[in-house]
Amino acid sequence: MKMKIMDKMKLIVSSVVVAVGIVVLGVCIKSGLGSFARNARVVTVKGLAEREVKADKVIWPIVFKELGDDLPSLYARVDEKNAIVIQMLKDKGIADAEISTSVDVTDLQADSYSSERTPYRYRISSVVTVNTGKVDTVLALLKEQSSLIQKGVAITFSNYSYPSIQFEYTGLNTIKPEMIKEATQNARKAALQFAADSESTLGKIKTAYQGQFSISDRDQNTPYIKKVRVVTTIEYMLED
């Protein structure tokens with residue numbers, strides 16, 4: 001008899017333990033699902049920041065060519081015209097350290113790949129390159145290029161062999177913090193609007209990605225004005 005009572009008690013205890021376990025398991029599952037649901041409620045937004053800045057560096061190759069049969073006399077003419085170009089630059093405030101020169105000699109008769117038909121044997125291409133931060137000075141000089149032609153320097157304005165004038169902006173690190181801040185604020189505004197529309201409360205940031213900065217010309221006519229752009233991607237939690 002006592003054994004039967006003991007067996008019944010064991011059975012009851014076992015049943016209670018199982019029942020409690022089922023309840024606890026249910027609570028855990030419910031809690032886990034709730035946590036999962038909360039984690040799943042997110043919104044991903046992008047924030048854009050743009051700035052227009054003026055270039056702070058310019059590289060300006062001034063190219064001209066001379067044709068002839070006698071190399072010594074050709075070099076003398078090139079040196080003379082280089083001096084004219086350099087003097088014009090220095091008169092306008094360009095320093096010696098900001099000016100470099102190079103020449104390229106082509107034997108037109110020996111160059112079997114040349115499609116140029118000319119009675120002359122040699123061609124010397126001279127490049128006077130200005131590399132400076134005096135952007136305004138160079139912009140003013142560009143308007144006076146025709147004065148070089150009047151002095152006998154036939155500038156090549158378009159040449160596939162040499163790069164055209166290049167304007168650059170080197171102060172990106174100076175404006176980066178403010179642009180990132182602006183992009184982040186714009187992203188938050190979008191997230192707040194989404195949260196309001198979905199009758200939710202905007203929570204903490206779950207993930208954030210800073211996009212790459214890009215620098216491009218504002219347009220073809222003003223390459224010295226640059227457009228700086230960055231897009232941030234931020235994922236926010238949404239709460240009830």
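1. Arg218 is partly exposed, because its relative accessibility of 35% falls in the interval between the 20% limit for buried and the 50% limit for exposed residues. In this predicted model, Arg218 forms a salt bridge with Asp219, the closest N and O atoms lying 3.3 Å apart. Asp219 is likewise partly exposed, with a relative accessible area of 28%. The pair does not stand alone: salt bridges with shared partners join Glu52, Arg218 and Asp219 into one network.

2. The count of salt bridges comes to 13. One of them is formed by the side chains of Glu50 and Arg229, at 3.2 Å from N to O. This pair links distant parts of the chain, with Glu50 in strand 1 and Arg229 in strand 8, 179 residues apart. Glu50 is partly exposed, at a relative accessible area of 37%, and Arg229 also counts as partly exposed, at 35% relative accessibility. Side chains of opposite charge can pair when their charged atoms come close.

3. Lys81 and Glu66 deserve a separate remark. Their side chains meet in a salt bridge with an N to O distance of 2.5 Å. Lys81 belongs to helix 2 (residues 71-91) and Glu66 to strand 2 (residues 57-68), so the pair ties together parts that are 15 residues apart in sequence. Which side of the burial limit do these charged partners fall on? Lys81 is buried, with a relative accessible area of 17%, and Glu66 is buried as well, with a value of 7%.

4. The overall architecture may be stated briefly. The protein has five helices and eight strands, and from the N terminus on its elements follow the order α-β-β-α-β-β-α-α-β-α-β-β-β. Of its 240 residues, 31% count as buried. Among contacts with a separation of 6 or more, 78% are between residues 24 or more positions apart. The protein exposes about 15,600 Å², and carbon and sulfur atoms supply 56% of that area.

5. Helix 5 (172-197) merits a check of its geometry. Its 26 residues, at 1.5 Å a residue, should span 38 Å, and its end C-alpha atoms are 37 Å apart, which agrees. The helix nevertheless has a kink of about 25°, centred on Glu178.

6. The buried residues of helix 5 are Leu172, Ile175, Met179, Ala183, Ala187, Ala191 and Ala195. An α-helix has 3.6 residues a turn, so residues three or four places apart point the same way. Against what do the buried residues of helix 5 pack? Their partners are strand 1 (42-54), strand 6, strand 7 (214-217) and strand 8 (225-239).

7. Helix 5 is followed by Glu199, which has a positive phi near 55°. Most residues other than glycine have a negative phi. Glu199 is found in the loop between helix 5 and strand 6 (201-210). With a relative accessible area of 74%, Glu199 is exposed, because this value is over the limit of 50%.

8. The structure holds one aromatic pair. The rings of Phe167 and Tyr224 have centres 5.9 Å apart and planes at 65°, so the pair is edge-to-face. Phe167 lies in strand 5 (residues 166-168) and Tyr224 in the loop between strand 7 and strand 8, so the pair ties together parts that are 57 residues apart in sequence. The two rings differ in burial class: Phe167 counts as buried at 8% relative accessibility, whereas Tyr224 counts as partly exposed at 24%.

9. Finally, Val103 is found in strand 3 (residues 99-107). Its relative accessible area of 41% makes Val103 partly exposed. When residues up to four places away in sequence are not counted, Val103 touches Tyr75, Val78, Ile124, Ser125 and Ser126. Val103 and Val128 are 25 residues apart in sequence, and their C-alpha atoms are 8.8 Å apart in space.

How values were computed: Residues numbered from 1 in each chain as written. Predicted model: local features only at pLDDT ≥ 70, side-chain atom pairs only at ≥ 80, totals over all residues. Heavy atoms only, no water. Helix = DSSP H or I, 4+ residues; strand = E, 2+ residues; numbered from the N terminus. Buried < 20%, exposed > 50% of the residue type's maximum accessible area, 1.4 Å probe, protein only. Expected span 1.5 Å × (residues − 1). Bend = angle between axes of the 7 residues up to and from the residue. Contact = heavy atoms within 4.5 Å. Phe/Tyr/Trp six-rings, centres within 6.5 Å; stacked < 30°, edge-to-face > 60°. Areas by Shrake-Rupley, 256 points an atom, 1.4 Å probe, with all protein chains shown as cover. Salt bridge = Lys/Arg side-chain N within 4 Å of Asp/Glu carboxyl O.
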